[in-house]
Every structure is written in C-alpha cells, then in structure tokens.
Amino acid sequence: MMKNTWTNSIVGFTRIKVAGKYTELFLNRCIHENISIWDIRRVGNETIVCYLALNDVKRIRPLVKETKVKLFFIEKKGIPFLIKKMVSRSGFAVGLVSFIAILFILSNMVWNIAIDGASPKIEHQLTQVINDMGIKRAKFQFLIPSVEDIQLNVTEKIEEATWIGVTLKGTTIHFNVVEKAFPEKQEPVSPRHLVAKKKAIVYDIFVEKGQGKVSPNDFVEKDDLLISGFIGKEGKMEIAPAKGKVFGEIWYKSNVTVPLVSEFITLTGEKKVKQSISVFNVTIPVWGFGKPDFDKYEINESVNSFRFFSWQLPIEYRRKTLLEKETLIREYTEAEAKQAAIIMAREELTKKLAENTVIKAEKVLHETIENGKVILMIHYQVIEDIVKIQPIIQGD
C-alpha cells in the first residue's frame, strides 16, 4: 500500500532491494502484517525493489528471516534522515544558523543616516539634534524613538526648517529637510489707497507715502479712506502707492464661564514599563511582569517591527509605559473664579488678534453666578492696525 507523499517525507522512508526464492511470499507476508510498502518493481527473477516506511523497518526483520530472503537498503529519504545528516555535519549547521542570526541582527540596526535638502548649517544643527536623541549608527532600531516621534522632535528644534520628513528604509534613516524660504525681493507696488478694514476710532496715524485723510479721535466706518494714493495739488495730481500705518481703538465684548468646582485628570509621574516580543500577533512578555502598584493609569505604547534585509518580519518589539493618573477636584472661591475667567477671556481674545495689537483696557460689565458657575461679560478697548489696501483703478 502507498502512503501520502508528504506523510512519507515527514516520517521518513527507504528504498529496499529484496533477493531470494520467496520474494512473493515476503510481499504477501508484508501485506498480511499491514506493513507499508509501495512502488514495487521486479528487477530480476528473484529480486524486487520497493519503498518501505521507516517506522516499519523493524517489523519486517522477522519476515525476512521467516521467508529466507536477503534485504538491502539502497536509498534513504525524508526529514529524519535529513536531520541526522545535519547533525553529523554540526559545524555546517551551526555556521548556517549563526550566519542567519547575524544577518537578522544587522538588519535591525541603524547603519546609515541620510540628510537631504539641508544647507551645511542646517545639516550640522540636525546632526546634533539626532545625536542628542541617541540616534547613531550601529544602534538597534527598536531602541531609538519611533519615526513619528523623531519627526516631531527635529521639526520643533530646527527653527530654520519649515518641515522635516523622516522615513526608515531598511537600515537607513532618511531626513528630508525643507528650509524656510527667505523673503523675496519686494516687487514695485501698484497705486493704491489705504482704507479702514473695520469700524473704529482713530488712535494714531503714521503716513509714509500718500496723503492722510483722518486724524486721531476721528470715527471711521469700514472702507472709509485713511491714506490716499493721490498726491499733490489739483491739476498736478500724482498717483502713488499709499503706505503707512493707522491704529484704531476698537471695542470687543467677551462672555466667559468658569465653574466653582471642576474635575480634571493629571499624571503623578509614577510609571511602570512592560516590554514584550510579539510573534505572529502572539505576545510574549520579557520584562515588567505583574500589575502596576497603582489602579488608574493611561498607556503609551510604541511598536518596532523587526526586519530581515528589506522584508518586514511578523516579529515586533513592544514597549508599554503605564503612567499613573489621578483625578483632582479644583475648587474656586468666587473671587478666584472671577480672576480665572478674566485671564481665560484675555488669552482667548489675544489668540484672535494680530501680533502688534495692544489691549488698552478691560472692564467687567456684568457678573452673575448660576448653577455653580461664575459668568462674566467683559469689555475690552483694543488698539490695533485697521489698514486695508484698496487698489486705485484707472479712471477713479
């Protein structure tokens, strides 16, 4: 009978030659004893060859003796014989395993750091930042920060770069730098007026070029003319690009609410680190066993994949940091809540205003306490640039 080829390869099999007068009797006895033999061929009047399963070798010895035939093993196949051969050549096997292990280790290290698009000055700064982050050649990739963290860090620290892209390809970390562009040379300005972009009371005016049309304390509506681009007397009028600054006083109102009692979450600084290796999504802990000493925490997790040359293996190094957190109750007195509301409203307003804007004065117009919350309406007097460009069209 013949077995499945894969099964035969796993358990091992051998090709045998049987010689003698009673080879047919030998075959009948094998079939009767349910011994696995297949691919039987007669190669002589008293000689046959066939395949025999390895685990049946011992069982045929009594049959050989009983049928008075001679048995010769002429070929051995299957995994058991392959392993035996490798064991007999242990030096070669150890060398092969060591070679693969070394390649695996080298494939998961950083061997090159490439920086593109940076001037020598920016490249020097970037190299220093990279070294400070511990990113060096011959360092394991899973011991350095993730690509996202590297990109965020270098972009924040290199002020003269607009954007720095970071990618990891094989054993090389690539940095693509986009530097900030210097202001281009200003092109000639077309003739224009400067008008008010919003309703205000003129606080101050400085005319660099053109003819001022307003004075401090004048009230202006949106689109009112502030500095004219027409210069000269009637009959000798010239057109020029008006240039200057006009600051106006503008009023803003802000409504803000602050609860007297609020709840927020903060980190205590206590942490527990857990490290593991994941193989085919099966996680094997290697460090940081057991539960943390605290009950409430948030988890920061980083995952680094192992590589073999450019292939990503289904093996990952995972590092979990459990950060203890606690819930705090903050209670304000009415005076403290009012002060916090004033600070909050000023910060919110500042975010909406231009850089050269000045908050001249502020005043609480209305104050109430409802449902455990302090509610304020605050009035602001703000000094800001109110200039807007209006081109002079031919025929005006």
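This is a short tour of one structure, stop by stop, with something to select at each one. Keep in mind that the model is predicted.

**Stop 1: the sheet near the start of the chain**

Select strand 1, residues 13–19, and strand 3, residues 47–53. The two run antiparallel, and 7 bridges join them. Click on I16. Which residue of strand 3 stands opposite I16? C50 does.

Now add strand 2, residues 37–44, and strand 4, residues 70–77. You have an open sheet of 4 strands. Read across it and the order is 2-3-1-4, with antiparallel pairing. Strand 2 and strand 4 are the edge strands, and each pairs on one side only. Turn the view to look along the sheet. On average, neighbouring strands are turned by 20° against each other, direction ignored.

**Stop 2: the hairpin**

Keep strand 2 and strand 3, and hide the rest. These two form a hairpin. How many residues lie between strand 2 and strand 3? There are 2. The strands run antiparallel, with 5 bridges joining them. Pick R41 to see one bridge partner: V49 in strand 3.

**Stop 3: the helix across the sheet**

Show helix 2, residues 23–32. This helix lies across strand 1, strand 2 and strand 3. Compare its direction with that of strand 2: the angle is about 175°.

**Stop 4: charges over rings**

Go back to strand 1 and show side chains. Select R15 and Y51. R15 lies over the face of Y51, at 4.8 Å from the ring centre. Next, select K17 and F72. Here K17 lies over the ring face of F72, and the distance to the ring centre is 5.2 Å.

**Stop 5: the largest nonpolar core**

Move along the chain. Select L126, I135, V154, I164 and F175. They belong to the largest nonpolar core, which has 19 residues, and they touch the most other members.

Colour the elements that feed this core. Strand 6 (112–116), helix 6 (120–132), helix 7, strand 8 (161–169) and strand 9 (172–179) each supply at least two residues. Which element gives the most to this core? Helix 6 does, with 4 residues.

Zoom in on L126. Leave out residues up to four places away in sequence, and L126 touches I115, V154, I158, I164, F175 and V177. There is a general pattern to remember here: in soluble globular proteins, nonpolar side chains tend to be buried together.

**Stop 6: an aromatic cluster**

Select F104, F140, F142, F306 and Y317. Together they form one aromatic cluster. The whole model has 8 aromatic pairs.

Start with F104 and F306. Their rings are stacked, 5.6 Å centre to centre, with 20° between the planes. F104 lies in helix 5 (residues 90–107) and F306 in strand 20 (residues 297–308), so this pair ties together parts that are 202 residues apart in sequence.

Is each ring buried or exposed? F104 is partly exposed, with a relative accessible area of 26%. F306 is buried, at 10%.

Now turn to F142 and F306. Their ring centres are 5.4 Å apart and their planes stand at 50°, so the pair is tilted. This pair also links distant parts of the chain, 164 residues apart. F142 sits in the loop between strand 7 (139–140) and helix 7 (147–157), while F306 is in strand 20.

**Stop 7: a second sheet**

Stay with strand 20 and bring in its sheet. This open sheet has 4 strands in the order 19-18-21-20, and the pairing is antiparallel. Strand 19 (282–287) and strand 20 stand at the edges with a single partner strand each, so one side of each is left without a neighbour in the sheet. Neighbouring strands are turned by 35° against each other on average, direction ignored.

Select strand 21, residues 311–331. A total of 11 bridges join strand 20 to strand 21. Within this stretch, V303 stands opposite R318 in strand 21. Bring back helix 5. The helix packs on the sheet, touching strand 20 and strand 21. Its direction makes about 130° with that of strand 20.

**Last stop: V273**

Select V273, in strand 18 (residues 261–279). Setting aside neighbours within four places in sequence, V273 is in contact with W287, G288, R319, K320 and T321. Finally, draw a line from V273 to R330. Their C-alpha atoms are separated by 30 Å, and the residues are 57 apart along the chain.

Notes
Residues are numbered from 1 along each chain as its sequence is written. This is a predicted model: local features need pLDDT of at least 70, side-chain atom pairs count only at pLDDT 80 or more; totals for chains, interfaces and linings use all residues. Side-chain values use heavy atoms; hydrogens and water are left out. Two strands pair if DSSP finds at least two bridges between them. Axes are lines fitted to C-alpha atoms, for helices over the stretch in contact, and angles run from 0 to 180 degrees between N-to-C directions. Contact means heavy atoms within 4.5 Å. Rings of Phe, Tyr and Trp (its six-membered ring) pair if their centres lie within 6.5 Å; planes under 30 degrees apart count as stacked, over 60 as edge-to-face and the rest as tilted. Buried means under 20% relative accessible area, exposed over 50%, partly exposed in between (1.4 Å probe, protein chains only). A charge sits over a ring if NZ of Lys or CZ of Arg is within 6 Å of the ring centre and within 35 degrees of the ring normal. A nonpolar core is a set of buried Ala, Val, Leu, Ile, Met, Phe, Trp, Tyr and Cys residues joined through side-chain atoms within 4.5 Å.
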